[in-house]
Amino acid sequence: MSEKGSNHYAVLNLPPNADFVGVENAYARLSNELASQTWFDETATAQLMRVNQAYAVLSRPDLRTDYDNEFFTTTLPDKNLRERRAVRPRFTNRPARHIA
């Protein structure tokens, strides 16, 4: 479905909670910008292909749900890493306490 390590939201410059209208607007803007550059720039052609692939996945609700489930389960940090992060109390000027 998607290339390993590709982030369709980053390709379209969107947050993961973007709605369908936001996906369409981002696709239209990027494809218009890149379409004029493809005849003389090979990197623009490759980037336009990535934009098309991202739109193809994010514009269909069933594919987007599958992509979100796959992407966000593999990119979230594990629970132990979150617990080892620095703990900073709220509303104080004390420095953070690091847990070893």
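The questions and answers below deal with a predicted model. Local features need pLDDT of at least 70 and side-chain atom pairs count only at pLDDT 80 or more, while totals for chains, interfaces and linings use all residues. Residues are numbered from 1 along each chain as its sequence is written, and side-chain values use heavy atoms, with hydrogens and water left out.

Q: How many aromatic pairs does a search of the whole structure find?
A: A pair of aromatic rings is described by the distance of the centres and the angle of the planes. Rings of Phe, Tyr and Trp (its six-membered ring) pair if their centres lie within 6.5 Å; planes under 30 degrees apart count as stacked, over 60 as edge-to-face and the rest as tilted. With these cut-offs, the number of aromatic pairs found is three.

Q: What is the angle between the planes of Tyr9 and Tyr67?
A: Tyr9 lies in helix H1 (residues 8-11) and Tyr67 in helix H4 (residues 61-75), so their pair ties together parts that are 58 residues apart in sequence. Helices (H or I, at least four residues) are DSSP runs, numbered from the N terminus. Both tyrosines are buried, that is, under 20% relative accessible area, where exposed means over 50% and partly exposed is in between (1.4 Å probe, protein chains only). The pair is tilted, with 6.0 Å from centre to centre and a plane angle of 45°.

Q: Which residue forms a stacked aromatic pair with Tyr67?
A: The partner is buried, as is Tyr67, and the two are four residues apart in helix H4, so about one helical turn separates them. Their centres are 5.4 Å apart, with 15° between the planes. Together with Tyr9 they form one aromatic cluster. The stacked partner is Phe71.

Q: What is the phi of Asn13?
A: Most residues other than glycine have a negative phi. Asn13 sits in the loop between H1 and helix H2 (20-35), and counts as exposed because its relative accessibility is 54%. Although Asn13 is not a glycine, its phi is positive, at about 55°.

Q: Within what arc do the buried residues of H2 fall?
A: The buried residues in H2 are Gly22, Val23, Ala26, Leu30, Ser31 and Leu34. The arc is that of the directions from the helix axis to the C-beta atoms. Seen down the axis, these residues line one face of the helix, because they fall within an arc of 150°.

Q: Which residue forms a salt bridge with Asp62?
A: A salt bridge is a side-chain nitrogen of Lys or Arg within 4 Å of a carboxyl oxygen of Asp or Glu, and the whole structure holds one. Asp62 is partly exposed at 41% relative accessibility, and its partner is partly exposed at 43%. The closest N and O atoms are 3.1 Å apart, and the partner is Arg60.

Q: Which helix gives the most to the largest nonpolar core?
A: A nonpolar core is a set of buried Ala, Val, Leu, Ile, Met, Phe, Trp, Tyr and Cys residues joined through side-chain atoms within 4.5 Å. The largest has 16 residues, among which Leu12, Leu14, Leu58 and Tyr67 touch the most other members. H2, helix H3 (42-58) and H4 each supply at least two residues. With six residues, the helix that gives the most is H3.

Q: Which residues does Asp68 contact, leaving aside its neighbours within four places in sequence?
A: Asp68 is in helix H4, and its C-alpha atom is 9.3 Å from that of Leu58, ten residues away along the chain. Contact means heavy atoms within 4.5 Å. Outside the excluded neighbours, Asp68 is in contact with Tyr9 and Thr73.
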